[in-house]
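Thanks, everyone, for making the time this morning. I would like to walk you through one model, moving from a single side chain out to a helix pair and then to the whole chain, so please have the picture in view as I talk.

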Amino acid sequence: MKKRIVYTVLFLILIMIIGYFCKDSAIATDFYHKNMEPSFAYPFGTDWMGRNLFFRTLRGLSISLFIGVIASTFSALIALFFGVLSVFGGKKIDTVITWWIDLMMGLPHLLLLIVLSMVVGRELKGVIFSIALTHWTSFARLIRSELLQLKEKHYIQIAKKLGKGNRYIFQKHMLPHLLPQFIVGWILLFPHAILHESSMTFLGFGLNSNQPAIGILLSESMQYLVTGRWWLAVFPGFLLVLIVLLLYCLGKDLQKYTSQK
C-alpha cells in the first residue's frame with residue numbers, strides 16, 4: 001500500500017511537471033494537420049486548428065491539479081479553523097457555526113460556485129476562491145465531530161483538571177491525533193475541487209477560453225462530436241476521470257495506512 005501511495009503521488013507530480021513545460025506545445029497551431037485521428041505522431045489526435053490534443057490534455061490536467069492543490073489547501077484550513085472554533089469557542093459560537101454550515105450545505109452547490117466566481121472575476125482567481133469557500137463545510141463538520149469525541153477522552157479530562165488551557169490541550173493532545181485525518185480529508189477534497197473546476201469551465205463560468213483546461217476542451221468538443229471527431233472528448237474526459245479516481249484512491253489508501261499506525 002505504501003508503494004502504491006508513493007507511485008500515485010509521483011505520477012500526479014509528473015503530470016503537473018509535464019503540463020507546465022508543454023505550455024507552448026499546447027497552444028501551437030498547425031492547419032496542415034488539423035482534425036487528424038489518433039496516430040503514432042499524434043496519440044490523442046489534433047483539433048480543428050491542428051493543435052496537439054495530447055499536449056493540450058496534459059496542460060489541462062496540470063491546471064486542474066494546480067487549482068485542486070491551492071483550493072483544497074485553503075478549504076481544508078478554513079474547515080480546520082471553524083471546526084476548532086466551534087468546539088473551543090463556546091456554545092453560542094458553536095450554534096452560529098453549525099447553523100452557517102447547514103445553510104451553505106442547503107444551497108445549490110454549483111449555483112453558489114458560479115455566483116462566487118463571477119463576483120470575484122472568474123478565471124483562475126475566481127475559480128480557486130469559489131471552490132475554497134464552498135468545499136469546507138462537510139470537512140469542518142467532520143473535524144468538529146472528531147474533536148468533540150476527543151474532548152471526552154480520559155487523558156483530556158485529566159489535562160483539564162490539571163489546569164491546562166484549551167490551546168495546550170489542542171496542540172499537545174488533539175492535534176497529533178487529528179493531523180493524519182486532516183491530511184486524508186485534504187486529499188479527498190481534491191477530486192471534488194477538480195470536478196467542480198471542470199464543470200464551471202465547461203459551463204462557461206470558469207477559466208478563460210484561451211487556456212487549454214479540461215472543461216474547455218470538453219466544452220469545445222461538443223460541437224464536433226456529431227461530425228465523428230470522438231477523440232476530442234474521449235481522451236480528455238477519460239484522463240479527467242482517471243485523475244479523479246487516482247486522487248480518491250490515494251485518499252482512501254492514506255486513510256487505511258494512517259489507521260494502521
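Let me begin with E146, which sits in helix α7, and let me say straight away that what you are looking at is a predicted model. Is E146 buried or exposed? Its relative accessibility comes to 16%, and because the cut-off for buried is under 20%, E146 counts as buried. As for its surroundings, once neighbours within four places in sequence are set aside, E146 is in contact with H177, L178 and Q181. With H177 there is also a polar contact, side chain to side chain, at 3.0 Å.

Staying with the helix that carries E146, I turn to how α7 packs. Helix α7, residues 137–151, packs with helix α3, residues 53–88, at an angle of about 40°, and the two axes lie 8 Å apart. That angle is why α3 is described as oblique to α7, and the crossing of α3 past α7 is right-handed. Which residues of the two helices make the contact? On the α3 side they are A76, A79, L80, G83, V84, S86 and V87, while α7 contributes F139, A140, I143, R144, L147, L148 and K151. Sorted by class, this contact between α3 and α7 holds 10 nonpolar residues, two polar ones and two charged ones.

Moving back towards the N terminus, the other residue I want to show is H33, placed in the loop between α2, which spans 23–27, and α3. H33 has a relative accessible area of 31%, and it is therefore classed as partly exposed. Its side chain makes a polar contact with the side chain of D30, at 2.6 Å. Not counting residues up to four places away in sequence, H33 touches Y42, T46 and G50. Along the chain H33 and R51 are 18 residues apart, and their C-alpha atoms are separated by 8.2 Å.

Finally, the chain as a whole. What does the chain contain by way of helices and strands? There are 11 helices and zero strands. The C-alpha atoms fill a box of roughly 80 × 40 × 25 Å along the principal axes, and 43% of the 261 residues count as buried. If we take contacts between residues at least 6 apart in sequence, 69% of them join residues at least 24 apart.

That is where I will stop, and I am happy to go back to any of these views.

Methods:
Residues are numbered from 1 along each chain as its sequence is written. This is a predicted model: local features need pLDDT of at least 70, side-chain atom pairs count only at pLDDT 80 or more; totals for chains, interfaces and linings use all residues. Side-chain values use heavy atoms; hydrogens and water are left out. Axes are lines fitted to C-alpha atoms, for helices over the stretch in contact, and angles run from 0 to 180 degrees between N-to-C directions. Helices (H or I, at least four residues) and strands (E, at least two) are DSSP runs, numbered from the N terminus. Angles under 35 degrees count as roughly parallel, over 145 as roughly antiparallel, 65 to 115 as roughly perpendicular and the rest as oblique. A crossing is left-handed if the near helix is turned anticlockwise from the far one by less than a right angle, and right-handed if clockwise. Contact means heavy atoms within 4.5 Å. Ala, Val, Leu, Ile, Met, Phe, Trp, Tyr, Cys and Pro count as nonpolar, Asp, Glu, Lys and Arg as charged, and the others, Gly among them, as polar. Buried means under 20% relative accessible area, exposed over 50%, partly exposed in between (1.4 Å probe, protein chains only). A polar contact is a pair of N or O atoms within 3.5 Å; within protein, one must be able to donate a hydrogen and the other to accept it, and residues adjacent in sequence count only if both atoms are side-chain atoms.
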